[in-house]
Amino acid sequence: MPVHLTPNAISAIVAGDVNSKPLVQVLDIKLIGNTQERYSLLISDAVSTEQAMLATQLNDIVKTGRVKKGSVIQLIDYVCSPIKSRKVIVVLSLETIILDSEIIGNPKSSAQSENFAQKAMPSGNLEQPAKVGNRLVSARNPVNNVQSFQATVQPPYQPPPNYKNHGAIIKNEAPARVIPIAALNPYQGRWAIKARVTAKGDLRRYNNAKGDGKVFSFDLLDSDGGEIRVTCFNAVVDRFYEVIEVGKVYLISKGSLKPARKDFNHLNNEWEVFLEASSTVEHCPDEDDTIPRQQFSFRPISEIENAETNSILDVIGIVTSINPSIPVLRKNGMETQRRVLNLKDASGRSVELTLWGDFCNKEGQNLQEIINSGLSPVLAVKSGKVSDFTGKSIGTISSTQLFVNPDLSEALILRDWYDGGGKNTTSLSISKEIMSGSAKNEIRKSVSQIKDEGLGRSDKPDWITVKATISFIKTDSFCYTACPLMIGDRQCNKKVTRSGNSKWLCDRCNQEFEDCDYRYLLQAQIQDHTGLTWVTAFQETGEEILGVSAKELYILKYEQQDDVKFGEIIRSKIFDQFLFRLKIKEEMYGDEQRVKNTVVKADRVNYSSESKYMLDLLSKR
């Protein structure tokens, strides 16, 4: 018995049907799109033809030959969306019923289909149909034996009633159909997704040519394992920022889809949802156990050694050591915190993980307390960024999540391995070697090596540690008066001056203040057995060197004018020895290029640790 396609399937779909799951035949396949692969199908119900587009997640069924010209397919999940002046059928899910069949019936193409087909870019390796009269004929040899397949007989399509002159039509307010995240595409009209929030970004403020604005994003995971990022701007932020909570499930609809910016979005999805004024976000109070709380794709540490720099990945390991948090200067001049720890796993490798910002004080402090108690916790890292600054290492970014002793099968396996003997196995570090007694994977240099090796003259700054003694401190301009105003979550810190009414004026903020802040801009000369050099220390490092705040020293010198006590404080620091962690970078001063040495940390020499360091050096000679 010959194959029977679903009668009137094309007209029914165009009219809005999404439930009949019709049988249709593929008459033609074309590859379209310049920046992204997408396939266009010409489908037939034996009488009419219409253009359809495959969702990109179905590209493989064409590439692998599971659907080709002549195939009889059943449309499982589909929608007809208006695109400019035409309607296009978007196929989200299908099944191949017969892989190869001769053309069924005498299908006629619509003008809409012909216009759409002319705009498509044909793929070079796909066959082109020939048109004879009003019939499309395949260019390949026809199949001699017609395969028999009895399709489910669908009732004839009944056109919708004509409401002309019957008054206003009530708008369809039925809820949008919930679909998997993987099926989302820009060609859908009404849609809804049900998913769990796995990560929520901080509220960020920005300023551009259009003015000030604010933005935040959150990541979703559904029961099918699909992930997607959702972003909100300005007024939409006000509606949803407080509503969204990590771990909860929401029903979300009426957003627009745009291509994901892979520089900032590491999720396995080509689209990103942007919520709008008409968007809805509904919390689902009943817990949905079918939606996982998090989705990991752990990589063994041994594989990270060959991972691409700046790639984003998940890793799990045992924390074997952790260092104190230290302040560092960002490129924009703002200070942040950094804390370094080491992970090892059963692959025989260990790696350095750098925590930045709030991670240092939250999870970092928790890990420090566990390590101090004599235990070695399991740490799962979601979305860590690979760096090649110290060999290969991992760093946290804004979307990173840390899980201490997580309830995961991988964590239990790792714990059994470690307690069963892995603790005593030697692991090779894929990061630069850590000297015992040093606070970080530091690169030790002498003062003379800064000049001899041309440090700081490349595109990126050099970071080194120098053991040196303070030989001179400039006292004429050791600090400056700074603006105390907070801009977003950061302090302005620009220099302020006295105005005519004795208040402090900030030119940047254009505001006056009764009081200001005092911040170190300390210049000192340091030397070791090889030479001397100048260094600059800012707020925290200035306090580490002098032991008093900039405000106290300013009051002594300029308000109390107690030169004796001021001099005693300065002289007491001369010939003190420190481990200076320096950022070395060439900067432009007027028309001259100069190398600037900035102190990011100043630790007094711990002679016990320093002795261990020197013994390690001797043992390796």
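What share of the 621 residues in the protein chain is buried? The answer is 45%. Keep that number in mind as you click around, and remember that you're looking at a predicted model.

**Stop 1: the whole chain**

Start with everything shown as a cartoon. The protein chain has 13 helices and 34 strands, so don't try to take in every piece at once. Now switch on the surface. The accessible surface comes to about 33100 Å², and carbon and sulfur atoms own 49% of that area. One more thing about the chain as a whole: take the contacts with a separation of 6 or more, and 64% of them are between residues 24 or more positions apart. You'll meet a nice case of distant parts touching later on.

**Stop 2: a hairpin**

Select residues 522–528, which are strand β31. Five of the seven residues here are buried, so the strand is mostly covered. Next add residues 531–537, strand β32. The two strands pair in the antiparallel sense over seven bridges, and together they make a hairpin with two residues between them. To see one matched position, pick Q525 and look across to W534 in β32.

β31 has another partner, too. Select residues 462–473 to bring up strand β23, which is antiparallel to β31 and joined to it by four bridges. For one of the meeting points, click I473, whose bridge partner in β31 is A524.

**Stop 3: a three-stranded sheet**

Clear the selection and pick out β27, β28 and β29. They form an open sheet in just that order, with antiparallel pairing. Which strands stand at the edges? They are β27 (497–498) and β29 (511–513). Each has a single partner strand, so one side of each is left without a neighbour in the sheet. Zoom in on β28, residues 504–506, and you'll find three bridges joining it to β29. Try clicking C506: its bridge partner in β29 is Q511.

**Stop 4: helix α11**

Now select residues 550–559, helix α11, and show the side chains. Its buried residues are A550, L553, Y554 and L556. Turn the helix so you look down its axis. Those residues cover an arc of only 165°, which puts them on the same side of α11. Here's a handy bit of background: an α-helix has 3.6 residues a turn, so residues three or four places apart point the same way.

What covers that buried side? The cover includes β24 (479–482), β28, β30 (517–520), α10 (539–546) and α12 (563–571). Notice β28 from the last stop in that list. Just after α11, have a look at Q561, which has a positive phi, near 50°.

**Stop 5: helix α12**

Move on to α12. F566, G567, I569 and I570 are its buried residues. They spread over an arc of only 160° around the axis, so they too end up on the same side of their helix. Swing round to the other side and you'll find V564 and R571 exposed. The cover over the buried residues of α12 includes β23, α10 and α11.

**Stop 6: the aromatic cluster**

Finally, select F478, Y518, Y554, Y558 and F566 as sticks: they form one aromatic cluster. Across the structure, the count of aromatic pairs comes to 13. To describe such a pair, you give the distance of the centres and the angle of the planes.

Take F478 and F566 to begin with. This pair is tilted, with 5.6 Å centre to centre and 45° between the planes. F478 lies in the loop between β23 and β24, while F566 is in helix α12, so the pair ties together parts that are 88 residues apart in sequence. F478 is buried, at 3% relative accessible area, and F566 counts as buried at 5%.

Then look at Y554 and Y558, another tilted pair: 4.9 Å centre to centre and 45° between the planes. These two are four residues apart in helix α11, so about one helical turn separates them. Are they buried or exposed? Y554 counts as buried at 17% relative accessibility, whereas Y558 is partly exposed at 38%.

Last click: K557. Its charged end sits over the ring of Y558, 5.6 Å from the centre. K557 also lies over the face of F566, at 4.9 Å from the ring centre.

Methods:
Residues numbered from 1 in each chain as written. Predicted model: local features only at pLDDT ≥ 70, side-chain atom pairs only at ≥ 80, totals over all residues. Heavy atoms only, no water. Pairing = 2+ DSSP bridges. Buried < 20%, exposed > 50% of the residue type's maximum accessible area, 1.4 Å probe, protein only. Contact = heavy atoms within 4.5 Å. Areas by Shrake-Rupley, 256 points an atom, 1.4 Å probe, with all protein chains shown as cover. Arc of directions from axis to C-beta. Phe/Tyr/Trp six-rings, centres within 6.5 Å; stacked < 30°, edge-to-face > 60°. Lys NZ or Arg CZ within 6 Å of the ring centre and 35° of its normal.
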